[in-house]
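Me: I'm new to this one, and I'd like a close look at a single part: the nonpolar core and the aromatic rings in it. Could you walk me through that slowly?

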Amino acid sequence: MGWLRFLFSSLLVGLLLASSPLFAQPSADAWRLRLDTGALHRWQTDINDGGEVELDAWAIRLGADQAVAPDLRLGLSASYGERQYRFEGETGFGALSPWSRVRELRLSGLISWKADERWNLFAVPSIRWTAEEGADLSDGQTGGLIAAASYRVSDRLSIGPGFGIFSGLEDDVDWFPILAIDWRLTDSLALRTGSGFAATEGPGLVLAWQASERWSLSLGARYEKARFRLDDKGVAAAGVGQETAVPVYLGATRSFGSHLSLSLVAGIEFDGELRLEDANGGLIEKSRFDPAPFGGATLDLRF
């Protein structure tokens, strides 16, 4: 499969780079660079109003950040990803086959400010372009902001409120609350705010266990929402497609030194829903799909 070849190639590149003498530990005021790449497969599942749907996805992200002052760090990242949907069936969404290959390009900033010994504030503004193949990416442009304030209660617990707000296609606006938490329950067990594959909209939490120096295990859940512009040739010409779900997953991460880690993840997506709208935002069809198993892998390279 294409995504497996992509992941294998990325892994080889990462291993070669990680063994290079370029990877000396950066000084506190040096640029920090990060490369993330990964792939995911969601197995075929039944759609309630008829048909089945299956998904393959991959993404790659390059980011850099630097401390510009003792209490302020700024960063910038760029990412690109694709989601390949396959619909089958004679009724409902399966028969409509409303979209196939969806692309997303994203630019994000990072502002992290240590206000004092207790308070830390961060903000992640972003702009993204999400559209089906055959539609202009500019027609799927949206922007958003994730921001939070974290209060250090003790050496083991930092917690605080946050929010995410995103402009939407057809003038709708999404917002959601965030709990920013980093709680070291024990020396090896922690509860943290988590993100997901390709970081679609929505908050999440992850329970992470550092099993050994090289291995860590995690249990996580989050809300995901993907919304994108459609091409002008399908059943909803220039309309909007949307998918929402709540993935619950187990993960295992193997570290190769301080610069490279490989993660494997498996889980089930619950409460999945597909939605199809016309070019004016009017509802054409929506339906839930059955819980769907998924699996994938990600590669994280820092230097």
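Reply: Here is a tour of the core, followed by a look at what surrounds it.

First, some ground rules: this is a predicted model, where local features need pLDDT of at least 70, side-chain atom pairs count only at pLDDT 80 or more, and totals for chains, interfaces and linings use all residues. Residues are numbered from 1 along each chain as its sequence is written, and side-chain values use heavy atoms, with hydrogens and water left out.

Let's start with the core. A nonpolar core here is a set of buried Ala, Val, Leu, Ile, Met, Phe, Trp, Tyr and Cys residues joined through side-chain atoms within 4.5 Å. Buried means under 20% relative accessible area, exposed means over 50%, and partly exposed is in between, using a 1.4 Å probe and protein chains only. The largest such core has 15 residues, and the ones touching the most other members are Ile 47, Tyr 85, Phe 87, Phe 93, Trp 99, Phe 228 and Leu 274. Two or more residues of this core come from each of β2 (52-69), β3 (72-88), β12 (224-229) and β14. Those labels come from DSSP runs, numbered from the N terminus: helices are H or I with at least four residues, strands are E with at least two.

Now for the rings. Rings of Phe, Tyr and Trp (its six-membered ring) pair if their centres lie within 6.5 Å; planes under 30 degrees apart count as stacked, over 60 as edge-to-face and the rest as tilted. That rule gives 10 aromatic pairs. One of them is Phe 87 with Trp 99, edge-to-face, at 5.6 Å centre to centre and 85 degrees between the planes. Phe 87 sits in strand β3 and Trp 99 in the loop between α2 (92-96) and β4 (101-114), so this pair ties together parts that are 12 residues apart in sequence. Phe 87 is buried, with a relative accessible area of 11%, and Trp 99 is buried too, at 2%.

Trp 99 also pairs with Phe 228: the ring centres are 5.2 Å apart and the planes are at 80 degrees, so this pair is edge-to-face. Because Trp 99 lies in that loop between α2 and β4 while Phe 228 lies in strand β12, the pair ties together parts that are 129 residues apart in sequence. Phe 228 is buried as well, at 1% relative accessibility. Tyr 85, Phe 87, Phe 93, Trp 99 and Phe 228 form one aromatic cluster.

What does Leu 274 touch? Leaving aside neighbours within four places in sequence, and taking contact as heavy atoms within 4.5 Å, Leu 274 is in contact with Ile 47, Phe 87, Phe 93, Trp 99, Gln 242, Glu 243, Glu 285, Lys 286, Ser 287 and Phe 289.

Finally, take Glu 273, which is in strand β14 (residues 260-277). Beyond its neighbours within four places in sequence, Glu 273 is in contact with residues including Gln 242, Lys 286, Arg 288 and Phe 289. Glu 273 is buried yet has no salt bridge, and the nearest side chain of opposite charge, Arg 288, is 4.1 Å away. For that, Lys and Arg count as positive and Asp and Glu as negative, with His and the chain ends not counted; a salt bridge needs a side-chain nitrogen of Lys or Arg within 4 Å of a carboxyl oxygen of Asp or Glu.
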